[in-house]
Amino acid sequence: MKAEKFTLVRHFDGYPKTTDFKLESEELPPLKDGEVLCEAEFLSVDPYMRPYTMSMTPPFTMIGGQVAKVVESRNAKYPAGSYVIGQLGWRSRIVVLPATPGPDKSSAAGLEPLPDMGGLPHSYALGVCGMPGVSAYFGFLELCQPKEGETVVVTGAAGAVGSLVGQIAKIKGCRVIGFAGTDDKCAWLRELGYDVAINYKTCPDIDAALKEAAPKGVDCYFDNVGGMLSHRIRQQMNLFGRISVCGSISSYNDKTGEGAQVPVPEMTTVFKQLRSEGFIVTRWWHRKNEAISQMAAWVREGKIKVQEHVTQGFHNMPQAFMGMLKGDNTGKAIVKV
Ligand code: NDP
C-alpha cells in the first residue's frame with residue numbers, strides 16, 4: 001500500500017517556506033498482529049509546530065495530530081471502519097501499533113478511538129473537542145479563575161483557542177474583549193458574543209481603545225500572542241489580576257529573537273499583585289475527557305459556536321500551515337484529505 005508524507009528538510013528560518021518541505025512516497029509494510037492501517041481524514045495545523053520543530057534534527061516527518069479511518073486492522077480494539085485520533089504526523093496513511101507513542105515521540109497519545117462528542121463532526125476532535133479545546137477550558141478556567149462580572153481580555157481571539165476562551169468567559173458571565181488581526185475576524189467575535197473586538201493591526205491607540213473597552217480595568221488576560229500587545233494589556237490589569245500565558249505566536253517567526261524579549265511591567269506586577277502563569281496543555285491531559293464532554297455539551301446547546309478554516313487536499317498541508325501562521329484562519333485551521 002502506497003502512502004505520502006511531508007518531510008521537513010531544514011529548520012524554519014523566519015516564516016516557513018514551501019521549500020522547507022518535501023513530499024515523499026513510501027510503501028507501507030503488511031500489518032503484523034496488533035497493528036492497524038490508518039488513512040487520514042482531517043489533519044491539524046497548529047502554531048506549536050513552528051517552535052517545537054526547532055528542537056528536532058531535520059530531515060524528519062512533520063509532526064501533528066490527525067483524525068484517521070482504520071482501513072485495515074489486526075487489533076480488535078480498533079476494527080476496520082472505526083475512526084481514531086493520534087499524533088501520526090503529516091502522513092496520508094500509516095501502519096501503527098496503537099499502544100505505542102506516536103511516531104514523533106512527542107506524545108503518549110499515539111492513537112486513541114475518537115472521543116465521544118455526541119454526534120459532532122469528526123474534525124471537532126482536532127479543535128473544540130481536542131487539544132485547542134482542552135487548552136482553552138483548563139488554561140482559562142484553572143489559571144484565570146474567572147468570576148462573574150469580571151473583565152477578560154483574549155488575544156489571538158479569533159483563532160482555535162482564543163475563540164473558545166472568549167465564549168467560555170461569556171458563559172461564566174464575564175465582560176469579554178478580544179484582539180484579532182482583521183475587521184472580519186472582529187465582526188465574527190461580536191457574533192460570538194464578545195462585548196468588544198479590536199483589530200490590533202489597525203487600531204491607532206491600543207492603550208486608549210482598551211481603556212474605553214475596559215473602563216474598570218482587566219481582571220483576567222488569556223495571552224495567545226505575547227509581544228508588545230501583551231505588554232500593553234498587562235499594564236491595565238486590576239489588583240490580583242490573573243494572566244494565563246498560553247502562547248507567544250508574535251515571536252515564533254521572528255529571526256532576531258528580539259520579539260520574545262518584551263519588557264514586563266514590574267511596578268504593575270508588584271503593586272497590582274498580578275499572577276502570571278504559563279502552561280502546556282499536557283498538564284491536564286489525564287483530565288481531558290472532562291473538558292471534551294463539557295465543550296461538546298456547550299456546542300450542542302448552542303452556547304459555543306465553532307468555525308473551521310478548511311484547506312482541501314493533503315498536498316496543501318504546507319500552504320495551510322503557512323497561512324495559519326500569517327492569520328488566514330478564522331477558527332480552527334484544518335486540512336481535509
Ligand atoms: P490560531 O488558530 O489562533 O492561529 C494562529 C493565529 O495567530 C493567526 O490566525 C493570527 O491571527 C495570529 N497571529 C499570527 N501572528 C501574530 C502576531 N504577530 N501577533 C498576534 N497574533 C498573531 O492558533 P491556536 O489557537 O491553535 O493557538 C493560539 C496560541 O496558543 C498560539 O500561540 C499557540 O502556540 C498557543 N497554544 C498553546 C498551547 C499550550 O499548551 N500552551 C496549546 C494550543 C495552542 P490574527 O489574524 O488575529 O493575527
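These legends walk through several close-up views of a predicted model.

**View 1. Six strands line up in parallel to form an open sheet.**
Reading across the sheet, the order is β11-β10-β9-β12-β13-β14. At the edges sit β11 (196-199) and β14 (275-278), each of which pairs on one side only. On average, and with direction ignored, neighbouring strands here are turned by 15° against each other. At the β14 side, strand β13 (residues 237-245) runs parallel to β14 and is joined to it by four bridges. If you would like a residue pair to centre on, find Ser244, which stands opposite Glu277 in β14.

**View 2. Helices α4 and α6 meet the strands of the parallel sheet.**
Which strands does helix α4 lie across? Helix α4, residues 183-192, lies across β10 (175-180) and β11. The angle between α4 and β11 is about 170°. Helix α6, made of residues 227-234, packs on the sheet as well. The strands that α6 touches are β9 (151-154), β10, β12 (218-223), β13 and β14. Its direction makes about 155° with that of β13.

**View 3. Ala214 sits in a loop between a helix and a strand.**
The loop in question runs between α5 (206-213) and β12. Is Ala214 buried or exposed? Ala214 is buried, because its relative accessible area is 3%, and the cut-off for buried is under 20%. Leaving out residues up to four places away in sequence, Ala214 touches Thr151 and Ile177. Ile177 is 37 residues apart from Ala214 along the chain, yet their C-alpha atoms are separated by 7.8 Å.

**View 4. The ligand is surrounded by 26 residues.**
Which of these residues come nearest to the ligand? They are Lys185, Tyr200, Tyr252, Val281 and Asn329. For anyone setting up an interaction list, here are three polar atom pairs to look for:

- Tyr252 places a polar side-chain atom 2.7 Å from an oxygen atom of the ligand.
- Ala160 has a polar backbone atom 2.8 Å from an oxygen atom of the ligand.
- Cys246 has a backbone N or O atom 2.9 Å from a nitrogen atom of the ligand.

The ligand exposes 910 Å² when taken alone, and the protein buries 91% of that area. Elements giving two or more residues to the shell around the ligand are α2 (131-144), α3 (160-171) and α9 (317-326).

**View 5. Strand β3 pairs with β5, β7 and β16 in the antiparallel sense.**
Why is β3 described as largely enclosed by the rest of the structure? Seven of its nine residues are buried, so the strand is largely enclosed. Its link to strand β5 (residues 66-73) consists of seven bridges. Four bridges connect β3 with strand β7 (residues 93-96), and three connect β3 with strand β16 (residues 332-336). Leu37 is a handy landmark: in β5 it stands opposite Glu72, and in β7 it stands opposite Val95. Towards β16, Phe42 has Lys336 as its bridge partner.

**View 6. Ser44 belongs to strand β3, residues 36-44.**
Ser44 counts as buried because its relative accessibility is 3%. The side chain of Ser44 makes a polar contact of 2.6 Å with the side chain of Asp46. Which residues does Ser44 contact once its neighbours within four places in sequence are left aside? They are Met49, Gly65, Trp90, Leu126, Met317, Lys332 and Ala333.

**View 7. Strand β1 pairs with β2 and β4, antiparallel in each case.**
Five of the seven residues of β1 (residues 2-8) are buried, and the strand is mostly covered. How many bridges join β1 to strand β2? There are seven bridges between β1 and β2, which spans residues 21-27. Along this pairing, Phe6 stands opposite Leu23. Strand β4, residues 60-61, is paired with β1 over two bridges. One pair to pick out here is Leu8 with its bridge partner Phe60 in β4.

Note on methods
Residues are numbered from 1 along each chain as its sequence is written. This is a predicted model: local features need pLDDT of at least 70, side-chain atom pairs count only at pLDDT 80 or more; totals for chains, interfaces and linings use all residues. Side-chain values use heavy atoms; hydrogens and water are left out. Two strands pair if DSSP finds at least two bridges between them. Axes are lines fitted to C-alpha atoms, for helices over the stretch in contact, and angles run from 0 to 180 degrees between N-to-C directions. Contact means heavy atoms within 4.5 Å. Buried means under 20% relative accessible area, exposed over 50%, partly exposed in between (1.4 Å probe, protein chains only). A polar contact is a pair of N or O atoms within 3.5 Å; within protein, one must be able to donate a hydrogen and the other to accept it, and residues adjacent in sequence count only if both atoms are side-chain atoms. A residue is near a molecule or strand if one of its heavy atoms lies within 4 Å of it. Accessible areas come from the Shrake-Rupley method with a 1.4 Å probe; for residues, only the protein chains shown count as cover.
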